[in-house]
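Subject: Structure handover

Hello,

Here is the structure you are taking over. Please open it first, then read my notes below.

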Amino acid sequence: MTQATEFAPGLTIQGFNAPLSLSQFKLIAFDMDSTLINIECVDEIADAAGRKSEVAAITEAAMRGEIADYKESLRQRVALLQGVTVAHMQEVLTQRLRLNPGAADLVKHCKAAGMKVLLVSGGFTYFTDHVRDVLGIDWTRSNVLEVANGVLTGRLVDQVWGDICDGEEKRKTLLETCQMMGISPSQSIAMGDGANDLPMMGVAGLSVAYHAKPKVREQAMVAIHEGGLDRLLEIFSA
């Protein structure tokens, strides 16, 4: 990529000239954990099992791109959640999960411009379904935690599209959604913070890093270092 330049304080761009027009784009795809929301859900669930530090260390390494096999890293973390109750997950959802600043405004502006919204996450349906409903998101793809008698088993449930939503699955989902909509991937925006977001960011017309890991910031066309998600709107003309 070219050298990033500061477009505004705490907002850098590279590889294109701003402003752009929002009408160029028909789809925006978001990561969830630490992008649309303020937490890494798997880490907070692990807190109930007294294993937060252990799980969070794996999460951090995976997001930095230091673990080559994301699927295996997720299986390891989910295994450590065995025995956590659904009641605790509900507590995480109601007491800890918050939308990141600007999330609602950005989604509202995109929808007002006629865009569709996709949430594609290495997290879990228990939380993505909630965020989908709060923000009015069109489509989601994420992982399903296996539950037996109100308790997590430490395993994931396979879905019709595959086993785990990792970086490759995110990329595939974005491309499939574009195909379904009859648009080019160049008409999509992809926004994330971790290494597993890079595959979908790499095929989108505009890639956006939000308070992201260094590897992601370096490769994104837009990087938001300060402020909320709605700062993305600054690079578009009115």
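First, a term: two strands pair if DSSP finds at least two bridges between them. Keep in mind that this is a predicted model.

The sheet

Nine strands make up an open sheet with mixed pairing. Their order is S1-S2-S9-S8-S7-S3-S4-S5-S6. Strand S1 (5-8) and strand S6 (151-157) are at the edges. Each has a single partner strand, so one side of each is left without a neighbour in the sheet. On average, neighbouring strands are turned by 25° against each other, direction ignored.

Start with the S1 end. S1 and strand S2 (residues 11-13) run antiparallel, joined by three bridges. One pair to look up is Ala8 with its bridge partner in S2, Leu11.

Now go to S8. S7 and S8 are parallel, with four bridges between them. Gly192 has Ala209 in S8 as its bridge partner. Strand S8 covers residues 206-210, and five of its five residues are buried. Leu206, Val208 and Tyr210 are on one side. Ser207 and Ala209 are on the other, and both faces are covered.

Helix H7

Does the length of H7 fit its residue count, and why? At 1.5 Å a residue, the 15 residues of helix H7 (residues 167-181) should span 21 Å, and the end C-alpha atoms are 21 Å apart, which agrees. The buried residues of H7 are Gly167, Glu169, Lys170, Thr173, Leu174, Thr177 and Cys178. They pack against strand S3 (27-30), strand S4 (116-124), strand S5 (139-148), strand S7 (188-192) and helix H8 (198-203). H7 thus has four strands of the sheet in contact: S3, S4, S5 and S7. The direction of H7 makes about 160° with that of S4. After H7 comes Gly182, with a positive phi near 75°.

The cores

In soluble globular proteins, nonpolar side chains tend to be buried together. Here the largest nonpolar core has 59 residues. Which of them touch the most other members? They are Leu36, Phe127, Leu206, Leu232 and Ile235. A second, separate core holds 19 residues, including Leu27, Leu198, Ala209 and Ala220.

Take Phe127 from the largest core. Leaving out residues up to four places away in sequence, Phe127 touches Met32, Cys41, Ile45, Met89, Val92, Leu93 and Leu97.

The loop residue Leu22

Leu22 sits in the loop between S2 and S3. Is Leu22 buried or exposed? Leu22 is buried, because its relative accessible area is 13% and the cut-off for buried is under 20%. Its contacts, apart from residues up to four places away in sequence, are His109, Ala113, Met115 and Phe236. Lys170 of H7 is elsewhere: Leu22 and Lys170 are 23 Å apart in space, C-alpha to C-alpha, and 148 residues apart in sequence.

The cysteines

How many disulfides are there? The count is zero. A disulfide needs two cysteine sulfur atoms within 2.5 Å. For Cys110, the closest cysteine sulfur is in Cys178, 14 Å away, so it is too far for a bond. For Cys165, the closest cysteine sulfur is in Cys41, also 14 Å away and too far for a bond. Cys110 is buried, at a relative accessible area of 1%. Cys165 is buried as well, at 0%.

Best wishes

Terms used. Residues numbered from 1 in each chain as written. Predicted model: local features only at pLDDT ≥ 70, side-chain atom pairs only at ≥ 80, totals over all residues. Heavy atoms only, no water. Core = buried A, V, L, I, M, F, W, Y, C linked by side-chain atoms within 4.5 Å. Buried < 20%, exposed > 50% of the residue type's maximum accessible area, 1.4 Å probe, protein only. Contact = heavy atoms within 4.5 Å. Helix = DSSP H or I, 4+ residues; strand = E, 2+ residues; numbered from the N terminus. Expected span 1.5 Å × (residues − 1). Axes fitted to C-alpha atoms, helices over the stretch in contact; angles between N-to-C directions.
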